[in-house]
Amino acid sequence: MTSTTQTAADLTFTGRGVVLNYRLQGDGSRALVCIHGVGSSLEAWEGVAAKLGDTFRILTLDLRGHGRSSLIKGRYEIDDFVGDVLALAEHVGFGQFDLAGFSLGGLIAQRIALTHGPRLRKLVLLATVAGRTPEERERVAARLAALQAGDRGSHYDASLSRWLTEGFQERNPELVARLRQRNAENDPDCYASAYRVLAQTDFGGFIDQISVPTLIATGEEDQGSNPRMARFMHQCIPGSQLEILPGLRHSILIEAPDLVATLMRRFLAGDDEEMRGEMREEAG
């Protein structure tokens, strides 16, 4: 049984035992699904979506355990998120669509590309991970352990410096205060469950099987979803495009939405046949 209800700005979809809060915006004809990261919400995409609405019909959502979606307790698996996204996309009539994922959203997007490739036109992987080294796995495991031990405050304070440059924080104190407030509103158990998926999921051994045109982008100073991993993904995914964004850290959706929107528009609205030709050449 599924149902749809509407609030002032957002919609809700009930299915798969979860209520998902989502938003449809833009007047364009091309379907685009955008997935946020851990501890965030569909609002993370506001700046990017505002720039793309003339070309795209954009679906954003709060993942389970986030925002206004169901605060499902217990262990999460990557395929829980995948199933939610695909069910919602089908519900809104997106048979085939472009897909963009940020951080955890990028892992979800990788999984969808690997398991449901024909549903996708093009793929955008933003500040996400694949092919972690042992040292990188140790660092993220330590952050997960601190979260699971209930140490949310120091985790977030440390994360803030990894996410945003000092200059941006100094120029935007009100925005930083809002981000802190939103983080404080996160359910700690749901946050830790989602972070476990981010920390313990890695498709580095499989992404060479991704066969849709792919754009990979990350901040030059992103410590967690670092340029080394972005270059690894670029080397593995045939015909992919790579953008390392100078002077940026992890939260490129917040600090540089105009730049991200420009890159996405140029890639997604580019010539499909030319892109497929490049992929065939690299695969051959």
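Guide: Axes here are lines fitted to C-alpha atoms, for helices over the stretch in contact, and angles run from 0 to 180 degrees between N-to-C directions. You're looking at a predicted model: local features need pLDDT of at least 70, side-chain atom pairs count only at pLDDT 80 or more, and totals for chains, interfaces and linings use all residues. Residues are numbered from 1 along each chain as its sequence is written, and side-chain values use heavy atoms, leaving out hydrogens and water.

Visitor: Okay, at what angle do the axes of α2 and α3 cross?

Guide: Two packed helices are described by the angle between their axes and the distance between the axes. Helices (H or I, at least four residues) and strands (E, at least two) are DSSP runs, numbered from the N terminus. Helix α2 covers residues 78–91 and helix α3 residues 104–115, and their axes come within 9 Å. The pair is roughly perpendicular (65 to 115 degrees; under 35 is roughly parallel, over 145 roughly antiparallel, the rest oblique), with a crossing angle of roughly 75°.

Visitor: And how many residues of that contact are nonpolar?

Guide: Contact means heavy atoms within 4.5 Å. From α2 you get Ile 78, Asp 79, Phe 81, Val 82, Val 85 and Leu 86, and from α3 Leu 104, Leu 107, Ile 108, Arg 111 and Ile 112. Ala, Val, Leu, Ile, Met, Phe, Trp, Tyr, Cys and Pro count as nonpolar, Asp, Glu, Lys and Arg as charged, and the others, Gly among them, as polar. That leaves no polar residues and 2 charged ones, while the nonpolar count is 9.

Visitor: Which residue in the loop between β6 and α3 has a positive phi?

Guide: Most residues other than glycine have a negative phi. Here phi is near 60° in a residue that isn't a glycine. At 7% relative accessibility this residue is buried (under 20% relative accessible area; exposed is over 50%, partly exposed in between, with a 1.4 Å probe and protein chains only). In the loop between β6 (97–102) and α3, look for Ser 103.

Visitor: What is the phi of Ala 127?

Guide: Ala 127 is found in the loop between β7 (120–126) and α4 (134–148). Ala 127 counts as buried, at 0% relative accessibility. Its phi is positive although it is not a glycine, at about 45°.

Visitor: On to α7: what arc do its buried residues cover?

Guide: Helix α7 (residues 173–185) has 13 residues and reaches 19 Å from first C-alpha to last, close to the expected 18 Å (1.5 Å times one less than the number of residues). Its buried residues are Leu 175, Val 176, Leu 179 and Asn 183. They sit on the same side of α7 because the arc around the axis, taken from the directions to the C-beta atoms, is only 100°.

Visitor: Which exposed residues does the face of α7 turned away from its buried side carry?

Guide: Leu 175 is one of the buried residues of α7. Turn the helix to the face away from that buried side, and the exposed residues there are Pro 173, Glu 174, Ala 184 and Glu 185.

Visitor: How does α11 do: within what arc do its buried residues fall?

Guide: Helix α11 (residues 257–268) has 12 residues, and its reach of 16 Å is close to the 16 Å expected. Pro 257, Val 260, Ala 261, Leu 263, Met 264, Phe 267 and Leu 268 are the buried ones. They line one face of the helix, because seen down the axis they fall within an arc of 165°.

Visitor: Is Asp 258 of that helix buried, exposed or partly exposed?

Guide: Asp 258 lies in helix α11. Its relative accessible area is 43%, so Asp 258 is partly exposed.

Visitor: How far apart in space are Glu 255 and Gly 47?

Guide: Glu 255 is found in helix α10 (residues 252–255) and counts as buried at 17% relative accessibility. Setting aside neighbours within four places in sequence, Glu 255 is in contact with Trp 163, Leu 164, Thr 165, Phe 168 and Leu 248. Gly 47 is 208 residues away in sequence, yet C-alpha to C-alpha the separation is 9.6 Å.

Visitor: What separates the C-alpha atoms of Tyr 191 and His 66?

Guide: Tyr 191 is found in helix α8 (residues 188–200), and it's buried at 5% relative accessible area. Tyr 191 and His 66 are 125 residues apart along the chain, with their C-alpha atoms separated by 7.7 Å.
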